[in-house]
Amino acid sequence: MSLQQQVMDAMKTAMKEKDTVALQALRAVKSGILLAQTESGAKETISEAEELKLLQKLVKQRKDSAAIYIEQGRTDLAEPELAEAAVIEQFLPEQLSEEEVAKIVNEIIAQTGATSMKDMGKVIGMANSRLAGKADGKTIATVVKSRLS
């Protein structure tokens with residue numbers, strides 16, 4: 001079943017349960033999918049990699065917004081953002097722990113022979129492609145930076 005169909009089914013459930021937070025998050029996902037489809041031309045569907053990238057972007061936006069709200073002492077605004085992020089994360093594959101990411105990064109460093117921060121871009125590029133949807137870019141960059149410095 002495609003992501004778009006899963007989102008539509010979840011929207012129907014959210015409407016029946018009158019879950020406004022979930023409904024708002026799911027509408028954002030649906031909107032993102034439709035925008036991605038129109039950007040890529042007349043394609044019927046977007047690829048699974050593009051779907052994962054879209055979902056990660058939406059989760060990151062909400063978490064960043066929540067962090068700003070918390071920083072400003074507005075937990076009343078941060079809570080809905082975090083709740084929406086949790087709803088969207090249901091459609092992402094299970095995220096790897098930092099230890100699992102470190103293990104894969106170590107394998108990539110061994111493969112490429114990276115030794116210094118000069119090789120960071122190459123390592124992060126390979127890690128991003130291998131860990132697409134399974135870890136966020138910030139975690140990957142942090143692990144790579146700690147391993148190469």
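Helices here are DSSP runs of at least four residues, numbered from the N terminus. Keep that numbering at hand as you move around this predicted model.

**Stop 1: the whole chain**

Start with everything in view, drawn as a cartoon. You should find 7 helices and 0 strands, so by the same DSSP assignment the elements read α-α-α-α-α-α-α from the N terminus on. Along the principal axes, the C-alpha atoms fill a box of roughly 55 × 45 × 25 Å. Of the 149 residues in the chain, 33% are buried.

**Stop 2: Leu131**

Now select Leu131, which sits in the loop between H6 and helix H7 (137-148). Is Leu131 buried or exposed? Its relative accessibility is 2%, so Leu131 counts as buried. Add Val101 to the selection and draw a distance between the C-alpha atoms: the two residues are 8.0 Å apart in space, with their positions 30 residues apart in sequence.

**Stop 3: helix H6**

Step back from the loop into H6, residues 120-130, and show the side chains of Met120, Val123, Ile124 and Ala127, which are buried. These residues lie on the same side of H6 because they cover an arc of only 95° around the axis. The general pattern is helpful here: an α-helix has 3.6 residues a turn, so residues three or four places apart point the same way. Rotate to the other side of H6 and you meet Gly121 and Ser129, both exposed.

**Stop 4: salt bridges**

Side chains of opposite charge can pair when their charged atoms come close. In this model the count comes to 5 salt bridges, and three stops on this tour will show you examples.

Select Arg62 and Glu84 to begin. Their side chains meet in a salt bridge, at 2.8 Å from N to O. This pair links distant parts of the chain, with Arg62 in helix H3 and Glu84 in helix H4, 22 residues apart. Which side of the 20% cut-off for buried residues do the partners fall on? Arg62 has a relative accessible area of 11% and is therefore buried, and Glu84, at 6%, counts as buried too.

Stay in helix H3 (residues 48-71) for Asp64 and Lys60, which are 4 residues apart, about one turn of the helix. Asp64 forms a salt bridge with Lys60, and their closest N and O atoms are 2.8 Å apart. Asp64 is partly exposed, at 37% relative accessibility.

Then pick Arg74 and Asp76, another salt bridge, whose closest N and O atoms are 3.0 Å apart. Arg74 is partly exposed at 39% relative accessibility, as is Asp76, with a relative accessible area of 46%.

**Stop 5: a negative patch**

Switch to a surface view and colour Glu94, Glu98, Glu99 and Glu100, which form a negative surface patch. Where is Glu94 placed? Look in the loop between helix H4 (75-89) and helix H5 (98-112). Glu94 is exposed, with a relative accessible area of 72%.

**Stop 6: Lys18**

Finish at the loop between helix H1 (3-17) and helix H2 (20-39), where you will find Lys18. What is notable about the backbone of Lys18, given that this residue is not a glycine? Lys18 has a positive phi of about 55°. Lys18 is also exposed, with a relative accessible area of 71%.

Notes: Residues numbered from 1 in each chain as written. Predicted model: local features only at pLDDT ≥ 70, side-chain atom pairs only at ≥ 80, totals over all residues. Heavy atoms only, no water. Patch = residues over 30% accessible without salt bridge, like charges linked within 9 Å, V, L, I, M, F, W, Y side chains within 5 Å. Areas by Shrake-Rupley, 256 points an atom, 1.4 Å probe, with all protein chains shown as cover. Salt bridge = Lys/Arg side-chain N within 4 Å of Asp/Glu carboxyl O. Lys, Arg positive; Asp, Glu negative; His and termini not counted. Charge placed at Lys NZ, Arg CZ, Asp CG, Glu CD. Helix = DSSP H or I, 4+ residues; strand = E, 2+ residues; numbered from the N terminus. Buried < 20%, exposed > 50% of the residue type's maximum accessible area, 1.4 Å probe, protein only. Arc of directions from axis to C-beta.
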